[in-house]
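Trainee: I've just opened this one and I'm not sure how to read it. Could you walk me through it?

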Amino acid sequence: HGLRREAARRLLYRRVVDASDRGQRVILVITGKGDSPGPAPADLMSGRSGAAPVRGAIRADLPRWLGEEGLSARIAAVRRAHPRHGGAGAAYLVLKRRRT
């Protein structure tokens, strides 16, 4: 809670790299549901450049972040979280196995 878009992106990168380096296979990423019905391209969200913050902006940006070179090379799959773990407001990142 309370992270701005860029701070959330940096934290996501750190956590994925740390988990991957430790050999973990799954990370739960909680984005929150926001007001958006689902992940939409962040550039198309209304109010993006306005003074009021856009609710659900991190959720909308997550697919783009996961496609970036630094993360996509470490991620094998992305799945919607079980309702007990956040449902539509969260995702499981399945990390690739480390090669030995």
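Mentor: Sure, let's start with one contact between side chains. Glu 68 forms a salt bridge with Arg 64, and the closest N and O atoms are 3.9 Å apart. Keep in mind that this is a predicted model.

Trainee: Is Glu 68 buried or exposed?

Mentor: Glu 68 is buried, at a relative accessible area of 18%. The cut-off that matters here is 20%, because buried means under that value.

Trainee: Which residues are joined with Glu 68 into one network?

Mentor: Salt bridges that share partners link Arg 5, Glu 6, Arg 9, Asp 61, Arg 64 and Glu 68 into one network. Take Arg 64 again: its side chain also meets Asp 61 in a salt bridge, at 3.3 Å from N to O.

Trainee: Where do Arg 64 and Asp 61 lie?

Mentor: Both are in helix H2, which covers residues 57-66. They sit three residues apart, about one turn of the helix. Their surroundings are worth a look too: Asp 61 is buried, with a relative accessible area of 0%, while Arg 64 counts as partly exposed at 42%.

Trainee: How many salt bridges are there by this rule?

Mentor: The count comes to six. One of them pairs Arg 74 with Asp 21, with the closest N and O atoms 3.4 Å apart. Arg 74 lies in the loop between helix H3 (69-72) and S2, and Asp 21 is in helix H1, so this pair ties together parts that are 53 residues apart in sequence. Arg 74 is partly exposed, with a relative accessible area of 25%, and Asp 21 is partly exposed as well, at 46%.

Trainee: Let's step back from side chains. How many helices and strands does the protein have?

Mentor: Three helices and three strands. Reading from the N terminus, the elements run α-β-α-α-β-β.

Trainee: And how do I read a sheet?

Mentor: The general idea is that strands of a sheet pair through backbone hydrogen bonds, either parallel or antiparallel. In this structure, three strands make an open sheet in the order S1-S3-S2, with antiparallel pairing. Strands S1 (26-30) and S2 (75-80) stand at the edges with a single partner strand each, so one side of each has no neighbour in the sheet. Neighbouring strands are turned by 25° against each other on average, direction ignored.

Trainee: How many bridges do S2 and S3 pair over?

Mentor: Five, in the antiparallel sense, with S3 spanning residues 90-95. To find your way along S3, look for Tyr 92, which has Arg 79 standing opposite.

Trainee: Where does helix H1 lie?

Mentor: H1 (residues 5-21) lies across S1 and S3, and runs at about 40° to S3.

Trainee: What about contacts and surface for the whole protein?

Mentor: Among contacts with a separation of 6 or more, 54% are between residues 24 or more positions apart. Of the 100 residues, 32% are buried. The protein exposes about 6900 Å², and carbon and sulfur atoms supply 51% of that.

Trainee: Last one: how should I read the confidence values?

Mentor: Start with the average and then look at stretches. The protein averages a pLDDT of 81, and 77% of the residues score at least 70. Over residues 38-52, pLDDT stays under 50, and the model has 21 contacts beyond four places in sequence for that stretch.

Conventions: Residues numbered from 1 in each chain as written. Predicted model: local features only at pLDDT ≥ 70, side-chain atom pairs only at ≥ 80, totals over all residues. Heavy atoms only, no water. Pairing = 2+ DSSP bridges. Helix = DSSP H or I, 4+ residues; strand = E, 2+ residues; numbered from the N terminus. Axes fitted to C-alpha atoms, helices over the stretch in contact; angles between N-to-C directions. Contact = heavy atoms within 4.5 Å. pLDDT = per-residue confidence, 0-100. Salt bridge = Lys/Arg side-chain N within 4 Å of Asp/Glu carboxyl O. Buried < 20%, exposed > 50% of the residue type's maximum accessible area, 1.4 Å probe, protein only. Areas by Shrake-Rupley, 256 points an atom, 1.4 Å probe, with all protein chains shown as cover.
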